[in-house]
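Visitor: Could you take me slowly through the place where the ligand sits, and then show me how the strands around that part are arranged?

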Amino acid sequence: MKASSELLEKARIYEAETGGAIGGADRPSFHLTPYTGWMNDPNGFSYYRGKYHLFYQYHPYDSHWGPMHWGHAVSKDLLTWKHLPAALAPDQPYDSAGCFSGSALTMPDGKQLLIYTGVQKETLPDGMTRDIQRQCVAVGDGMDYEKYAENPVLNENDLPQGGQPADFRDPKIFPEPDGTYSMIAVNRDKTEGGQVLRFLSSDAFHWEYAGKVIENHNRLGLMWECPDLFHLQDTDVLLISAQEMLPEGLEYHNGFGNFCILGRFDKASGKFTEETSYSLDYGIDFYAAQTVLAPDGRRIMIGWLQNWDTVLPPQIERPWFGQMSLPRELSIRDGRLIQTPIRELEKYRTGAPMERLLSLSNEETEVDGISGRHVDMELLIEPADVDQIYHKFTVRFAKNDRFYTSVSFRPRESVLRIDRKFSGSRRGIIHQRRASVRHINGKIKLRLILDLYSVEIFVNDGEQVLSAVIVTEKEAERISFFADGDVNVKVLKYALKQQ
Ligand code: FRU
């Protein structure tokens, strides 16, 4: 293992000392957390030399955002992770203000290429500073990476008219069938906000601008971030994370929101034509999602289980901050993007499943054996009497005498709500979200995955997902059920192995 600079060497020594000392019991079991310090976006999500590699935006020295490094972890099944030494440090003039988000690819010679945004501060004539963002590459062997001597490979001169050099980032690279490469990256147009630009290359080092894939015209948020593009069944899918979104009905309430655009991408013209767009996650915390194509053909997505609007100094200082979402398998059903927890999770179910039929009538009910903070639980909820649809069904979890987080469904309004107001947070941040969901006369299916400090709720076999981080102390393990009206619930609960 050879660190290519003093700054990287310093980060590697620091993380081995401090990260190694963080006990497994203090981390979630399946959700990747940083080796030590701060984590944001997933980067370079790839399958390389028999393992999944996940890099991430990383500030090892503090549990707050700072000069961005790339953290690095590997996994065989995307659920049990091994931290590797930091892959990139901001050690060059062109990335001295940070190695921002990017992606990875296997080269014909077997090496792995990382492409990322190098950020440099520039002082303007009036003494103010601004970022210059440029695209850079590094090549390595899955452990150590060497930055390309002729970085950056794309700079402000490669931008179209009106493209702002301060917002030009997050390259996602693709191998093309003819052996060439393409890349998309986001940029801010001076007046029209976010846009996705396309670049082409014959060798992944020399790039040419090839036009605008799609322009936001300030419609879905302002600046866009972290694009991804892939073909799924008969649809093309563009993932975008947007800053400063305006809510529309129950869509886009998160300020910073991650959404999908379904439509057609025409490779010849390089243009994406939108058919529909909506939120990727209707909970509180999900952003910057990136996908990988698994060797068996599955398209798997992982996101940062956090939202910039809810990032505040944590009330409990932990040596780490930030976690990834569960990896989710993507598919298209009835024209919608479906997300389901990666099937490997089922191998981590432990002990006998608990199966119960509950008849709820206006009383909060707890059930022996249904509790825990590492839980995979399916709920099939239906009215006891189809002619008398109930008003509300609620499940509370991560619960003790004082704290809980809840999910409530109101069939008469078709609204599912997540609420962590009473989770023990002392922060005045967003604690509640509502989503408009599909149900048949009050019949709805939910799958809740709890992993210590998070919950992810999959609705109707993945039609929608609501995710949130919860801060509740880990001893709060109770789960309760409540109905306003008469409800039958079939509960199937598995404990998940703690690791
Ligand atoms: C999104 C983002 C990216 C950027 C990175 C910096 O969360 O703002 O656009 O590359 O975070 O850490």
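**A close look at the ligand site**

Guide: Gln-57 is a good place to begin, since a polar side-chain atom of this residue lies 2.7 Å from an oxygen atom of the ligand. Please keep in mind that what you see is a predicted model. Arg-169 makes a similar approach, with a polar side-chain atom placed 2.8 Å from an oxygen atom of the ligand, and for Trp-65 the corresponding distance from a polar side-chain atom to an oxygen atom of the ligand is 3.1 Å. Taken alone, the ligand would expose 320 Å², and the protein buries 95% of that area.

Stepping back to the whole shell, there are 13 residues around the ligand, and those that come nearest are Asp-41, Gln-57, Arg-169, Asp-170 and Glu-225. Sorted by class, the shell contains six nonpolar residues, three polar ones and four charged ones. If you ask which elements supply two or more residues to this shell, they are strand E1 (37–48), strand E5 (99–106), strand E9 (163–175) and strand E13 (224–232).

Strand E13 now leads us from the ligand into a sheet, and a general point helps here: strands of a sheet pair through backbone hydrogen bonds, either parallel or antiparallel. In this sheet, four strands follow one another in the order E13-E14-E15-E16, forming an open sheet with antiparallel pairing. E13 and strand E16 (271–279) stand at the edges, where each has a single partner strand, and therefore one side of each is left without a neighbour in the sheet. On average, and with direction ignored, neighbouring strands of this sheet are turned by 25 degrees against each other.

At the E16 edge you can follow the pairing residue by residue, for strand E15 (residues 257–266) runs antiparallel to E16 and is joined to it by eight bridges. One pair to look for is Phe-259, whose bridge partner in E16 is Ser-279.

For another example of antiparallel pairing, turn to strand E32 (residues 478–484), which pairs with strand E23 (residues 365–371) over three bridges. Within that pairing, Glu-366 has Ser-480 of E32 as its bridge partner. E32 is also joined to strand E25 (residues 392–399), in this case by six bridges and again with the strands running antiparallel, and there you will find Thr-394 standing opposite Phe-482 in E32.

Definitions and conventions
Residues are numbered from 1 along each chain as its sequence is written. This is a predicted model: local features need pLDDT of at least 70, side-chain atom pairs count only at pLDDT 80 or more; totals for chains, interfaces and linings use all residues. Side-chain values use heavy atoms; hydrogens and water are left out. Two strands pair if DSSP finds at least two bridges between them. A residue is near a molecule or strand if one of its heavy atoms lies within 4 Å of it. A polar contact is a pair of N or O atoms within 3.5 Å; within protein, one must be able to donate a hydrogen and the other to accept it, and residues adjacent in sequence count only if both atoms are side-chain atoms. Accessible areas come from the Shrake-Rupley method with a 1.4 Å probe; for residues, only the protein chains shown count as cover. Ala, Val, Leu, Ile, Met, Phe, Trp, Tyr, Cys and Pro count as nonpolar, Asp, Glu, Lys and Arg as charged, and the others, Gly among them, as polar. Axes are lines fitted to C-alpha atoms, for helices over the stretch in contact, and angles run from 0 to 180 degrees between N-to-C directions.
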